[in-house]
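Here is a short briefing on one chain. Look at the sequence and the fold before reading on.

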Amino acid sequence: MSSPTGPASGLPVRMPRPRQSGRHRRPEPLAAPEGAPALVLAVPGTPSGAVRSLADEVVSIARSELPGLDARIAYLDGDDSEFPTLQSVLVHTAEERTARFEQARAAGVDVREPEGPVAVVVPLLAGPDNALLRRIRQAVMESRVAAELTDVLGPHPLLAEALHVRLSEAGLARADRARLFTVATAADGIILASVGGEEAVQAAGITGMLLAARLAVPVMAAALDEEGAIASTAEQLRSSGSQQLALAPYLIGPELDSTLLDAAAKEAGCSAAEGLGAYPAIGKLALSKYTTALGIAPQQPQGAPVR
């Protein structure tokens, strides 16, 4: 029985666990610095309820990784009512920052005038798409707001992981090679479909090599928006020995034309997986672009080990 001064004689004493040190020490949780710029997620494609849900989930993941993060969603083809445009979101964010400063100063609080970027704009794109990026840059310029624009999310090992998961969900790939779990419909050749021209295909090819290492099957990237490119790639894979192909969109979702994907899958004579969507890696990579731009990232998000 314990006494007010501690446990009774002879009972074990529970001591506080010492703080772990060395290379395996758990990192301190990171929080957004006070007054940090907003993360503005630039969402391409035609706005819809489904697109908004996807963007909300991506932002929610980013907020869960960095408490205190001011994250906002802007639509490249928004209407400034239900779906705010990138330009209007940046202007509103700048006005809010100025208003907070003026209110604090009016209340007699000793605060410094805010400086540096108002926002960090992160394109919701897995790979480069010059036409979309040009429009994003134009919107930032027209807003006349000090904002920093980051690179797109890929290539990255986490995107290879996301592609693997989407393929396995569609029954087109084994979920885990280590468990020797076989899927009767598993593909022995993957076409990685991208949009945005040759640069996008090359970037997709880098992630494709990582995916090939995970699946131990050949992976080739091709342009979804280039006539005949998917069919030509399918023929190359079949001529090299692959018989059961699968189409994997290297696209998050809002920028994906589902009619193009359906037509390409039919043209290649194979099944297709879903887009990357709001897979957790998307939110983590968006946050990584933000924190890296501000120089507050403890480390880059790491991909899962190849199985």
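Which residues does G277 touch, not counting residues up to four places away in sequence? G277 touches L54, R166, L251, I252 and I282. The model is predicted. The points below start at G277, then turn to helix packing, salt bridges and backbone geometry.

**Around G277**

- G277 sits in the loop between β8 (271-272) and α8.
- G277 has a relative accessible area of 13%, so it is buried.
- One of its contacts is L251. The C-alpha atoms of G277 and L251 are 7.9 Å apart, while 26 residues separate the two in sequence.
- Another of its contacts is I282. I282 also belongs to the α8 side of the packing with α1.

**Helix packing: α1 and α8**

- Two packed helices are described by the angle between their axes and the distance between the axes.
- Helix α1 covers residues 49-65 and helix α8 covers residues 280-294. Their axes come within 8 Å and cross at roughly 60 degrees.
- The two helices are therefore oblique to each other.
- The crossing of α1 and α8 is right-handed.
- On the α1 side, the contact is made by V58, I61, A62 and E65. On the α8 side, P280, I282, G283, K284 and L287 take part.
- By class, this contact of α1 with α8 has six nonpolar residues, one polar and two charged.

**Helix packing: α6 and α7**

- Helix α6 (residues 229-239) packs with helix α7 (residues 258-268) at an angle of about 35 degrees. The axes are 9 Å apart.
- This crossing, too, is right-handed.
- From α6, the residues in contact are I230, A231, A234 and R238. From α7, they are A264, E267 and A268.
- The contact of α6 with α7 divides into five nonpolar residues, no polar ones and two charged.

**Salt bridges**

- How many salt bridges are there? The count comes to five. Among them are the pairs R52 with E82, R72 with D70, and R72 with E96.
- In the pair R52 and E82, the closest N and O atoms are 3.0 Å apart. This pair links distant parts of the chain, 30 residues apart. R52 is in helix α1, and E82 is in the loop between β2 (71-75) and α2 (86-106).
- Both partners of that bridge count as partly exposed: R52 has 28% relative accessibility, and E82 has 46%.
- R72 meets D70 in a salt bridge of 3.1 Å, N to O.
- R72 also bridges to E96, with the closest N and O atoms 2.6 Å apart. R72 lies in strand β2 and E96 in helix α2, so the pair ties together parts that are 24 residues apart in sequence.
- Salt bridges that share partners join D70, R72 and E96 into one network.
- Is R72 buried or exposed? With 17% relative accessibility, R72 counts as buried, because the cut-off for buried is under 20%.
- The partners of R72 count as partly exposed: D70 has 27% relative accessibility, and E96 has 28%.

**Backbone geometry**

- Most residues other than glycine have a negative phi, and most peptide bonds are trans. The next points concern departures from that pattern.
- Which peptide bond is cis? The bond from G154 to P155 is, with omega near 0 degrees. P155 is placed in the loop between β4 (147-149) and α4 (157-169).
- D80 is a residue other than glycine with a positive phi, near 65 degrees. D80 is found in the loop between β2 and α2. Its relative accessible area is 47%, so D80 is partly exposed.
- The loop between β2 and α2 also holds E82, the salt-bridge partner of R52.
- A216 is not a glycine either, yet its phi is positive at about 60 degrees. The place of A216 is the loop between α5 (198-215) and β6 (219-223).
- A216 counts as exposed, at 52% relative accessibility, because the cut-off for exposed is over 50%.

Technical notes:
Residues numbered from 1 in each chain as written. Predicted model: local features only at pLDDT ≥ 70, side-chain atom pairs only at ≥ 80, totals over all residues. Heavy atoms only, no water. Axes fitted to C-alpha atoms, helices over the stretch in contact; angles between N-to-C directions. Helix = DSSP H or I, 4+ residues; strand = E, 2+ residues; numbered from the N terminus. Parallel < 35°, antiparallel > 145°, perpendicular 65-115°, else oblique. Left-handed = near helix turned anticlockwise from the far one by under 90°. Contact = heavy atoms within 4.5 Å. Nonpolar A, V, L, I, M, F, W, Y, C, P; charged D, E, K, R; others polar. Salt bridge = Lys/Arg side-chain N within 4 Å of Asp/Glu carboxyl O. Buried < 20%, exposed > 50% of the residue type's maximum accessible area, 1.4 Å probe, protein only.
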